[in-house]
Amino acid sequence: MILIHDGNVHLKTGEVKTMDILIEGNRIKAMGHDLVPKGADAQVIDAKGKEVFPGFIVPCTSVGLCDFTDFKQGDHNEATDPATPQLNVKDALDRREVLLQQYHYSGITAFGAAPGASNVIAGQMGVYHTAGKSEKDMCIKEFAALKGNYMNTVKRTYGKRSVAPMTKMGMASILRNALLEAKKYAEKEEKPFDPKQQAMGKILSKEVPFVVTANTASEINGIIAIAREFDLRLVINSAYQPEQCQGLMGDHQIPILLGQPQSMGYAVAYETDYPKIIEMMRTGATIGISNSGDSDMAGRETLLWGAIKLVQAGADAEEVIQMMTINNATALGVEDQIGSLEENKLADIVIFNGHPAKSYQAYVEVSIIAGEIVHQGRGGFEKCCL
């Protein structure tokens, strides 16, 4: 057992309460006051005056799939067919590549592992812890979402070969045809084994979300139209102009994962209005932030840079914490397991000296992933144990 004693615990409601957290195995057993751990090997962490958060989540990244030794090839972009729903990141994920990021020094305990940005339908995403003894040990949910792309990268990938899709019309056509084929397959009484159609069926049935990268208002509106046509559970990823789009709010809200706020080339070119995005969140939108996109290998610290930038744009620090935790978990459909500090959830917990959304001087003192202490002490790089 592990007892986190007397810390300032940040809850998903935005409240901060001084209390204890008791961990048993890989889960939070209890939260409250005057909790007592049992067992001779019980450990007590004095968190008085410290800030205790749920572990941060990077919702969509290809880190772990890129192959640092041969990035030009990598394992994140299967750019041989624009529709590859049968592919699963579990077959390419490299635990060592994830560990080299040392995510725990920035409080990141989980991530959505995603295929890259080449294909209209890129493959199956999984949600993984950022540390563990093996890829299987790190896995929280193997098939958490289907990843898609509705953006210029797809057109560039296939356009240079003069094959479809070379235009937005081509992307829409390929996506619609794949969805129509999946509907026909689902209606058959006898279904031959077809991994493509079975994967597509999971988004038609809303069993998993369809996480689609779309940067601009035009791209976002285009994918929303198709998602509404087929009644999909859509999530917009790497969005820079969501505040300009209709249909994101209302009875059928669409979660939004923002493009990196510190990527000023995109933010300036697309005239991203962060105050309006913050207002969208305050009126009910589920908005999350990430540290890297589909095919980028941005460092772990960029998540905290983005958090502080949003505070500078007018967000409350606790709103930004929600954007790094429960909102990302909700977008990926794993909010029952991670994303907030609650009894029976996985014990993914980080203890900071200072508030990371308020000051660059804040640093992680303790990182706990699935009930295991993976870092304790003053922040800093270490030799990574692979």
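Biologist: Let's start with one residue. Where does Gln86 sit?

Modeller: This is a predicted model, so we're reading computed geometry throughout. Gln86 is in the loop that runs between strand E6 (56–61) and helix H1 (95–99).

Biologist: Is Gln86 buried, exposed or partly exposed?

Modeller: Partly exposed, because its relative accessibility is 29%. Leaving aside residues up to four places away in sequence, Gln86 touches Gln124, Pro195, Lys196 and Ala199. Take Ala199: that residue is 113 residues from Gln86 along the chain, yet their C-alpha atoms are separated by 6.0 Å.

Biologist: Next, empty space. How many cavities of 30 Å³ or more are there?

Modeller: The general idea goes like this: roll a probe the size of a water molecule over the atoms and you see where empty space is left. In this model the count is one cavity of 30 Å³ or more. The largest cavity holds about 60 Å³ of space.

Biologist: Which helix gives the most to the lining of the largest cavity?

Modeller: Helix H10 (residues 317–324), with three residues. The lining of the largest cavity includes Glu318, Ile321 and Gln322, and also His10, Leu11, Lys12 and Pro54. Thr325, Ile326, Gly339, Ser340 and Leu341 are among the lining residues too. By class, that lining has five nonpolar, five polar and two charged residues.

Biologist: On to cysteines. How many disulfides does the structure hold?

Modeller: Zero. You read this from sulfur-to-sulfur distances, with a cut-off of 2.5 Å for a disulfide. For Cys139 the closest cysteine sulfur is in Cys60, 16 Å away, so that pair is too far apart for a bond. Cys245 is in no disulfide either: the nearest cysteine sulfur is again that of Cys60, at 18 Å.

Biologist: And how accessible are Cys139 and Cys245?

Modeller: Cys139 counts as partly exposed because its relative accessibility is 26%. Cys245 has 10%, so it counts as buried.

Biologist: Now the sheets. How do I read strand pairing, and which strands does E15 pair with?

Modeller: Strands of a sheet pair through backbone hydrogen bonds, and they can be parallel or antiparallel. E15 is joined to strand E14 (residues 349–353) by five bridges, antiparallel. One bridge pairs Asn353 with Tyr363 in E15. Strand E16 (residues 372–376) is joined to E15 by four bridges, also antiparallel, and there Ile369 stands opposite Glu372.

Biologist: What links E15 and E16?

Modeller: They form a hairpin with two residues between them, and Ala370 in the turn has a positive phi of about 50°. As for burial, six of the seven residues of E15 (residues 363–369) are buried, so the strand is largely enclosed by the rest of the structure.

Biologist: What is the order of strands in the open sheet of eight?

Modeller: E6-E7-E8-E9-E10-E11-E12-E13, with mixed pairing. E6 and strand E13 (287–288) are at the edges with a single partner strand each, so one side of each has no neighbour in the sheet. Inside that order, strand E10 (residues 210–213) runs parallel to strand E11 (residues 234–239), joined by four bridges. Val211 has Val235 in E11 as its bridge partner.

Biologist: What does Ser290 touch?

Modeller: Ser290 lies in the loop between E13 and helix H9 (301–312). Not counting residues up to four places away in sequence, Ser290 touches Val58, Pro59, Cys60, Leu258 and Leu303. Its relative accessible area is 6%, so Ser290 is buried.

Biologist: Last topic: backbone angles. Which residues have a positive phi without being glycine?

Modeller: Most residues other than glycine have a negative phi, and most peptide bonds are trans. Asp6 is one case here, with a positive phi of about 65°. Asp6 lies in strand E1 (residues 2–10) and is partly exposed because its relative accessible area is 22%. Lys206 also has a positive phi, near 65°. Lys206 is in the loop between helix H5 (195–204) and E10, and at 36% relative accessible area it is partly exposed.

Biologist: And where is a cis peptide bond?

Modeller: Between Ala164 and Pro165, where omega is about 5°. Pro165 belongs to the loop between helix H3 (152–159) and helix H4 (168–187).

Technical notes
Residues are numbered from 1 along each chain as its sequence is written. This is a predicted model: local features need pLDDT of at least 70, side-chain atom pairs count only at pLDDT 80 or more; totals for chains, interfaces and linings use all residues. Side-chain values use heavy atoms; hydrogens and water are left out. Buried means under 20% relative accessible area, exposed over 50%, partly exposed in between (1.4 Å probe, protein chains only). Contact means heavy atoms within 4.5 Å. On a 1 Å grid over the protein atoms alone, a cavity is a set of points where a 1.4 Å probe fits but cannot get out, and a pocket is an open set with protein on both sides within 12 Å along at least five of seven lines; lining residues have an atom within 4 Å of a point. Grid points are joined across faces, edges and corners, and a volume is the space filled by probe spheres set on the points. Ala, Val, Leu, Ile, Met, Phe, Trp, Tyr, Cys and Pro count as nonpolar, Asp, Glu, Lys and Arg as charged, and the others, Gly among them, as polar. Two strands pair if DSSP finds at least two bridges between them.
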